[in-house]
Amino acid sequence: MAAELSHESGLAGRYALAVFELAQEEKALDAVAKDFAALKQLMAESPDLTRLIRAPVFSREEQAAGMNGVLHRMEASALTRRFILLMASKRRLFALADIIRAYEELVAKQRGEMLAQVTSARPLSDNEIAELKAILKSKLSREIKLEAKIDASLLGGLIAKVGSRMIDSSLRTKLEGMRTAMRGT
């Protein structure tokens, strides 16, 4: 598996591959994935946590103490805790969001899934998510793991990104296209 994934490059890719291989050895792929998903959610919801992770003004010790508190509260697995605290000691927490994204891609690839990022103007219902997964699965012949985001500026419709493909059926894009066509440019 490592040979297949050795093409991962950059700091985030290397760290993601390292924690992925350790998680495989310790049979903790799902536990780390769950912890990373929770951390990703916390980072999206907490500007203070994001600042602790990204701002270079905090010392290694301050970052480690802050992250240790967060990890303790969320009852993170031992491997996740060791990994995050190592990242803090190496002053690499700034790359955590990219590492989590790369790890999710590795796990999805190992499971034969594809990661799809869907941005909609409003929250999608469970039925809409299930239907979207079914459509993408039929088109791509692979299991789909859906990551949903909300962007009210889309007005309606959605934008789906799967791998290097992007499908933009948002109302905002359609209106911009009509505006451009009406100007004749």
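## Overall architecture

Helices and strands are here runs assigned by DSSP, with at least four residues for a helix and at least two for a strand, numbered from the N terminus. On that basis, the elements of this chain follow the order α-α-α-α-α-α-α-β-α-β-β-β-α from the N terminus on. The chain holds 9 helices and 4 strands. The model is a predicted one.

Taken along the principal axes, the C-alpha atoms fill a box of roughly 60 × 40 × 30 Å. The chain has 185 residues, of which 36% are buried. Among contacts between residues at least 6 apart in sequence, 65% join residues at least 24 apart.

## Helix α3 and its buried face

Helix α3 covers residues 29–45, a total of 17 residues. From its first C-alpha to its last, α3 reaches 24 Å, which is close to the 24 Å expected at 1.5 Å a residue. The buried residues of this helix are Leu29, Val32, Ala33, Asp35, Phe36, Leu39 and Met43. Seen down the axis of α3, these buried residues fall within an arc of 165°, so they line one face of the helix. A general feature of helices bears on this pattern: an α-helix has 3.6 residues a turn, so residues three or four places apart point the same way.

The opposite side of the helix has another character. Asp30, Lys34, Ala44 and Glu45 are exposed and sit on the face of α3 turned away from its buried side. The buried residues of α3, for their part, pack against five helices named as α2 (10–25), α4 (47–54), α5 (60–73), α6 (78–89) and α7 (96–111).

## The largest pocket

The largest pocket encloses about 540 Å³ of space. Its lining consists of 21 residues, and those closest to the centre are Ala37, Lys40, Gln41, Glu104 and Glu147. Four elements, namely α3, α7, β1 (113–120) and β2 (143–150), each supply at least two residues of this lining. Helix α7 provides the largest share, 7 residues. By residue type, the lining of the largest pocket divides into 11 nonpolar, 2 polar and 8 charged residues.

Which residues does Glu104 contact, leaving aside its neighbours within four places in sequence? Glu104 is in contact with Lys40, Leu115, Lys145 and Glu147 when those neighbours are set aside. Glu104 is itself found in helix α7. Because its relative accessibility is 10%, and buried means under 20%, Glu104 counts as buried. Two of these partners, Lys40 and Glu147, are also listed among the residues closest to the centre of the largest pocket.

## The second largest pocket

The second largest pocket has a volume of about 200 Å³. It is lined by 11 residues, and Glu105, Lys109, Glu113, Met114 and Leu115 lie nearest its centre. Helix α7 and strand β1 each supply at least two residues of this lining. The most comes from α7, with 5 residues. The lining of the second largest pocket comprises 5 nonpolar, 1 polar and 5 charged residues.

Helix α7 thus gives the largest share to the lining of the largest pocket and the most to that of the second largest pocket. Leu115, which lies among the residues nearest the centre of the second largest pocket, is also one of the contacts of Glu104.

## Two loop residues with positive phi

Most residues other than glycine have a negative phi. Arg91, although not a glycine, has a positive phi of about 60°. Arg91 lies in the loop between α6 and α7. With a relative accessibility of 26%, Arg91 counts as partly exposed.

Ser141 is a further residue other than glycine with a positive phi, near 55°. Its place is in the loop between α8 (126–140) and β2. Is Ser141 buried or exposed? Ser141 counts as exposed because its relative accessibility is 63%, and exposed means over 50%.

## Helix α9 and Ala181

Ala181 belongs to helix α9, which spans residues 171–183. At 58% relative accessibility, Ala181 counts as exposed. Ala181 and Met67 stand 114 residues apart in sequence, and their C-alpha atoms are 51 Å apart in space.

Note on methods:
Residues numbered from 1 in each chain as written. Predicted model: local features only at pLDDT ≥ 70, side-chain atom pairs only at ≥ 80, totals over all residues. Heavy atoms only, no water. Buried < 20%, exposed > 50% of the residue type's maximum accessible area, 1.4 Å probe, protein only. Expected span 1.5 Å × (residues − 1). Arc of directions from axis to C-beta. Contact = heavy atoms within 4.5 Å. 1 Å grid on protein atoms, 1.4 Å probe; cavity = no way out; pocket = protein on both sides within 12 Å on 5 of 7 lines; lining within 4 Å. Points joined across faces, edges and corners; volume = space filled by probe spheres on them. Nonpolar A, V, L, I, M, F, W, Y, C, P; charged D, E, K, R; others polar.
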